[in-house]
Amino acid sequence: MKDLLLSLSKGIPLDPLPEHPGLDSTVPHAPGRPINLTLNEKKLAIKNSLRYFPSSLHSILANEFLDELNKYGHIYMYRFRPTHYEMKAYPIEDYPAKSRQAASIMLMIMNNLDREVAQFPNELVTYGGNGSVFQNWAQYHLTMKYLSEMTDQQTLTMYSGHPMGLFPSNESSPRVVVTNGMVIPNYSSHKDYERMYAQGVSQYGQMTAGSYCYIGPQGIVHGTTITLLNAGRKYLGVESLVGKVFVSSGLGGMSGAQTKAAYICGAICIVAEVSPAAVKKRHAQNWVMEVYSDLNELFARVRVAVKEKKPLSIAYQGNVVTLWERLVEEKDITVDLGSDQTSLHNPFNGGYYPVQCSFEESNRLMVQEPEKFKEMVQETLRRHTTAINTLSKRGMKFWDYGNSFLLEASRAKADIIKPGTDGKEFIYPSYVQDIMGDIFSLGFGPFRWVCTSGNPKDLETTDRIAKELIEKLRSQPGVPKNVQQQFNDNHLWISQAGEHKLVVGSQARILYSDCIGRSELAVAFNKAVADGTLSAPVVISRDHHDVSGTDAPWRETSNIKDGSQFCADMAIHNVIGDSFRGATWVAIHNGGGTGFGEAINGGFGLFLCGSKLQEEKARMMLNWDVNNGIARRSWSYNDNAENTIKRAMELDSSLKVTIPNHTSDDLINSLNF
């Protein structure tokens, strides 16, 4: 395989110019995008694309790129899609790189574009409908060339998928710095994004798509498991979801985690998905147990499962609104928990499908009749909300899964606004606001790692190391009860992770952990690499959806109570702080799961090769990466965060954080306003 991968160091293939491979009919493709460019903007889009190529090729490629722009609404440069090697994560030693840190990033990029991992691999979209790794295939080739030739005295800068170049730095600097969608605030609308993406100057990196840290649906399944467990505790007063019915939508890169998570929790789960390809993919990967397109058959199966109290994951191949409206009629089926994971950050370009027409017709309408399509989407959102409201009155507990469902439903004039709040609050909570926010405030979040050997045995070893470490940490004196509960949940998770067959793509794992746990895990992995217990280095990272990584008023910071939920200081400070404390690469994005202009989110990757230097970097960086967010949450009146940061200061005398003085509500209310 090493010989085939040598081409990664060659850059864009130009001599000879590769034959156009056409579109791969065996993978799903992104829907076309509406073209809202002026004539001059279209000309600029072609000019911007041609600048990657010598002028001698411009006459050949210009019409080809114009055809792509007219047909798909974007220039992907399909001709340059690699076909002579399989796109996937290879063992780190196979990569033609001078820097092993750079080789690890090459591995992570190729994993994000793996056909088994990516939602639309030919369009370089990893998940979420438009979460892009690159804007086009020329950028991919150039980036891999730079990574193959860089040393540990250089840093590669990535501007929304475009590799700006290698710049001199030093060994302590990040090897790569990534920005995605960083635009001037007044130009951060969805319409602005569509124009800039079509012109090839910006992209939507989602979270871990554009930061090269995606690990398949496993990356969200653990958080979904924790969300469901704690929803059961909070809403239903139960420790187990055995016999309980959970209904939601989406089997994509993130939403596909719901069925596996619900099964792990013991629930009976029904998830609707309109894309036949997505249903087929998740069923083939054993993330869904059974598939139905006939609701009569589906409900008959659910009744049996409820009676037997056996865990079950079902995909309904159809529109989620059809499912919800039938559930209103099926009064003998009690829906205990409900949510939604359609990609409503991207409502009018494939993230949400109207109930009035077929999947195929929707894909046509969104390009050819976008205004009509928008009207149908918003009518569907109103029907969606009405059905959920009816079931909620019967006792179902519903929450927004941070996908902008509540936001877009409100924009569609659905009955979703809480009375007496001037339109600023919804009748349903965000899952972070009501469930996960307090867990984040304890410092627990989605820590993850990748075994760069590609060897499942190494992953088994890291699972064992993590399990033993949790047992040690939870047995220490002075551990608060709420922290103890999180350790217990995570011990159960890591103990069962192997048997649940969660790996899709790279040999990776996710584990919610706090600051102490993350630091100790990183050190333990690094030592295991050094002494040969692990056969190759480990890359650690996290989801951007974390304690400190994201400022998003409708999701990650929805439980911030001091008015700063619309401020992005935390995410910006986080990526800057990570960069000079030891991260191998850092990323900062506009958007995330809630949509362009609705969030600022960032992440990192850190290469653990067994050296003492990398151990020191891990300790320093992870301490900041978690405690930054806890400090901010403490300052905004969160009791969990205040207690957690005080405990952190007791353990580290060099950590000194400003703690809020609490004000009497009676005093404030007594003032003459």
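## Exercises on backbone geometry, cavities and surface

Tyr637 lies in the loop between helix H20 (612-635) and helix H21 (639-651). The structure examined in these exercises is a predicted model.

**Exercise 1. Determine the sign of phi at Tyr637 and classify the residue by accessibility.**

Solution. Step one concerns the backbone: Tyr637 has a positive phi of about 75 degrees, although this residue is not a glycine. Most residues other than glycine have a negative phi. Step two concerns accessibility: the relative accessible area of Tyr637 is 47%. Partly exposed residues fall between the 20% and 50% limits, so Tyr637 belongs to that class.

**Exercise 2. Carry out the analysis of phi and accessibility for Leu124.**

Solution. Begin with location: Leu124 is placed in the loop between helix H4 (100-112) and strand S1 (125-127). Next, read the torsion angle: phi at Leu124 is positive, about 60 degrees, and the residue is not a glycine. Finally, consider accessibility: Leu124 has 0% relative accessibility and therefore counts as buried.

**Exercise 3. Identify the configuration of the peptide bond from Asp15 to Pro16 and locate Pro16.**

Solution. The omega angle of the bond from Asp15 to Pro16 is near 0 degrees, and the bond is cis. Most peptide bonds are trans. As to location, Pro16 is found in the loop between helix H1 (2-5) and H2.

**Exercise 4. State how many cavities of 30 Å³ or more the structure holds, and describe the lining of the largest cavity.**

Solution. First, the count: a search of the whole structure finds three cavities of 30 Å³ or more. Second, the volume: the largest cavity has about 90 Å³. Third, the lining: among its residues are Ala45, Asn48, Ser49, His74, Gln135 and Gln199. Fourth, the elements: helix H2 (39-50) and helix H6 (190-199) each supply at least two lining residues, and H2 gives the largest share, with three residues. Fifth, the classes: four lining residues are nonpolar, seven are polar and one is charged.

**Exercise 5. Describe the second largest cavity by volume, contributing elements and lining classes.**

Solution. The volume of the second largest cavity is about 50 Å³. Its lining includes Phe444, Leu469, Phe487, Tyr512 and Leu521. At least two lining residues come from each of helix H16 (456-474), helix H17 (481-496), strand S13 (508-513) and helix H18 (515-530). By class, the lining of this cavity has eight nonpolar, three polar and no charged residues.

**Exercise 6. Decide whether Glu408 is buried or exposed, and give its C-alpha separation from Pro347.**

Solution. Glu408 is situated in helix H14 (residues 405-411). Because its relative accessibility is 8%, Glu408 counts as buried. Along the chain, Glu408 and Pro347 are 61 residues apart, while their C-alpha atoms are separated by 7.8 Å.

**Exercise 7. Name the members of the nonpolar surface patch that includes Leu671, and place Leu671 in the chain.**

Solution. The patch consists of Leu667, Ile668, Leu671 and Phe673. Together, these residues have about 440 Å² of accessible area. Leu671 occurs in the segment after helix H22 (665-670). With a relative accessibility of 43%, Leu671 counts as partly exposed.

How values were computed
Residues numbered from 1 in each chain as written. Predicted model: local features only at pLDDT ≥ 70, side-chain atom pairs only at ≥ 80, totals over all residues. Heavy atoms only, no water. Patch = residues over 30% accessible without salt bridge, like charges linked within 9 Å, V, L, I, M, F, W, Y side chains within 5 Å. Areas by Shrake-Rupley, 256 points an atom, 1.4 Å probe, with all protein chains shown as cover. Salt bridge = Lys/Arg side-chain N within 4 Å of Asp/Glu carboxyl O. Helix = DSSP H or I, 4+ residues; strand = E, 2+ residues; numbered from the N terminus. Buried < 20%, exposed > 50% of the residue type's maximum accessible area, 1.4 Å probe, protein only. 1 Å grid on protein atoms, 1.4 Å probe; cavity = no way out; pocket = protein on both sides within 12 Å on 5 of 7 lines; lining within 4 Å. Points joined across faces, edges and corners; volume = space filled by probe spheres on them. Nonpolar A, V, L, I, M, F, W, Y, C, P; charged D, E, K, R; others polar.
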